[in-house]
Amino acid sequence: MTKQTGNTGSNLQIDGQALWSDLMETARFGGTPKGGIKRLTLTDEDRQVRDWFTSTCKSLGCTVSFDSMGNLFARYPGQNNTLPPITMGSHLDTQPTGGKYDGVLGVLGGLSVLRALHNSGYTTRHPIELINWTNEEGSRFTPPMMCSGVFAGVFTEQEVLDKRDRANIRFGDELERIGYRGSEPCGQHAITAYFELHIEQGPILETEEKTIGIVEGVQGMRWYEVTVRGKDAHAGSTPMPMRHDALVASAKMIEALSEIAFAHSPTAVGTVGLIENRPNSNNVVPGETFFTVDIRDPNDAVVLEMESEFKKRFADIAEASGVTLDIVQIWDAPAVHFSPACVEMVAVAASEGSYSARRMVSGPGHDAAYLASVTPTAMIFVPCKDGLSHNEEESILEPDAEAGANVLLRAVLKADDAFNKDA
Ligand SMILES: [Zn+2]
């Protein structure tokens with residue numbers, strides 16, 4: 001294959017209508033009456049959308065393969081097919097009451113890039129690959145980002161194959177059943193660079209009326225479980241000074257956590273999203289409470305600072321309230337910093353397209369967070385209505401989808417030029 005003379009790829013454009021029609025067409029697989037998608041990983045609906053993905057990519061001149069975790073790779077040939085591919089990807093699985101765009105936009109946006117290449121006849125130096133990662137959502141089998149995690153060596157293949165859903169069905173058996181367990185060992189697929197287009201899942205781009213988020217990394221995050229123990233007592237006969245009320249102490253702790261997060265805002269966030277109160281009876285002074293703490297910031301040092309601050313404040317509150325305290329850290333995901341070179345390619349791509357853009361850090365985790373540990377990586381965000389995601393009402397604008405895919409296309413072409421120069 002030869003490169004067309006004079007064609008630098010700069011005249012390539014995404015077909016926004018075709019992209020939108022792909023989004024609406026695939027939304028049928030697991031479509032819900034409220035306009036969302038229920039397409040849990042490794043279900044029949046997941047198989048249907050994978051079959052659609054495979055046949056559509058083949059019709060655009062790709063070969064399609066899948067690895068031992070069912071990660072799907074659609075490969076569009078380049079001039080030098082010994083080079084590891086420039087890749088794009090995201091996920092086609094959804095939450096039980098998911099929207100039409102979370103993950104799906106990244107895969108179908110990538111598909112629209114392959115379509116632009118195919119329709120123009122332009123041949124890149126590297127092969128270009130589009131990846132659909134298995135089980136990003138982690139709602140049927142936990143944790144999330146499971147198979148990009150195996151790809152990056154965070155989890156072993158065996159531990160993932162042996163995971164079970166709430167109906168006690170084994171991950172490995174379901175992968176076999178839907179016919180997507182491949183022979184290529186997961187992670188042994190060389191990649192030159194990875195780009196992921198995704199909806200923001202937050203309100204910043206919409207509020208600031210920006211079209212493109214140039215994503216520089218993913219926030220550091222820590223989760224804790226907190227148990228506060230006081231003493232159950234009769235609500236009528238126990239005088240206030242003699243109480244050891246676990247719930248009142250917890251309420252003060254929750255407020256303290258919020259104050260700490262506010263003090264480090266706008267970057268930091270702190271959340272208590274789950275609470276249990278025992279015995280939870282209207283005439284008993286609560287003897288024990290249990291709650292979770294979730295703290296995040298783009299800078300790991302700030303996460304650590306918040307941790308030591310809330311631990312100190314919680315201990316002081318416990319002492320003053322006559323209760324005991326037990327804090328267990330259950331999750332630690334350090335901040336991810338994407339490749340400055342790839343981030344710059346996204347920034348230049350956005351400015352060449354004359355899209356309004358801002359640099360930002362992702363709040364949620366993404367497959368790109370694991371990919372960043374094994375290959376140069378960056379992400380592109382587009383706005384979603386009211387910042388709403390993991391919700392059937394998730395909504396984006398058609399021109400924003402097209403803009404995001406155009407930036408993805410431009411970034412991929414820049415990476416194709418920049419990497420493996422001497423090859
Ligand atoms: Zn997603």
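Which residue just after α9 takes a positive phi? Select G322: its phi is about 65 degrees. This is a predicted model.

**Helix α9**

Step back from G322 and select residues 300-321, which make up α9. The helix has 22 residues and spans 31 Å from its first C-alpha to its last, close to the 32 Å expected at 1.5 Å a residue. Go to its start and show N299: a side-chain oxygen of N299 comes to within 2.9 Å of the backbone nitrogen of A301.

Next, colour the buried residues of α9, which are V302, V303, M306, E307, F310, F314, I317, A318 and S321. They lie on the same side of α9, because they cover an arc of only 140 degrees around the axis. An α-helix has 3.6 residues a turn, so residues three or four places apart point the same way. Turn to the face away from the buried side and select K312, E319 and A320, which are exposed.

To see what the buried residues of α9 pack against, add β7 (220-229), α8 (246-263), β9 (269-271), β12 (288-297) and β13 (324-333).

**Zinc site**

Now select the zinc ion and its protein donors, H91 (NE2), D102 (OD) and H198 (NE2), at 2.0 to 2.2 Å from the ion. Along the chain the donors follow the spacing H-x10-D-x95-H. H91 lies in the loop between β3 (86-90) and α3 (104-120) and H198 in strand β5 (residues 193-199), so the two histidines tie together parts that are 107 residues apart in sequence.

Are these histidines buried or exposed? H91 is buried, with a relative accessible area of 0%. H198 is buried as well, at 1%.

Methods
Residues are numbered from 1 along each chain as its sequence is written. This is a predicted model: local features need pLDDT of at least 70, side-chain atom pairs count only at pLDDT 80 or more; totals for chains, interfaces and linings use all residues. Side-chain values use heavy atoms; hydrogens and water are left out. Donors are N, O and S atoms within 2.8 Å of the metal (3.2 Å for Na, K and Ca); water is not among the atoms, so sites may look incomplete. Helices (H or I, at least four residues) and strands (E, at least two) are DSSP runs, numbered from the N terminus. Buried means under 20% relative accessible area, exposed over 50%, partly exposed in between (1.4 Å probe, protein chains only). The expected span of a helix is 1.5 Å times one less than its number of residues. The arc is that of the directions from the helix axis to the C-beta atoms. Contact means heavy atoms within 4.5 Å. A polar contact is a pair of N or O atoms within 3.5 Å; within protein, one must be able to donate a hydrogen and the other to accept it, and residues adjacent in sequence count only if both atoms are side-chain atoms.
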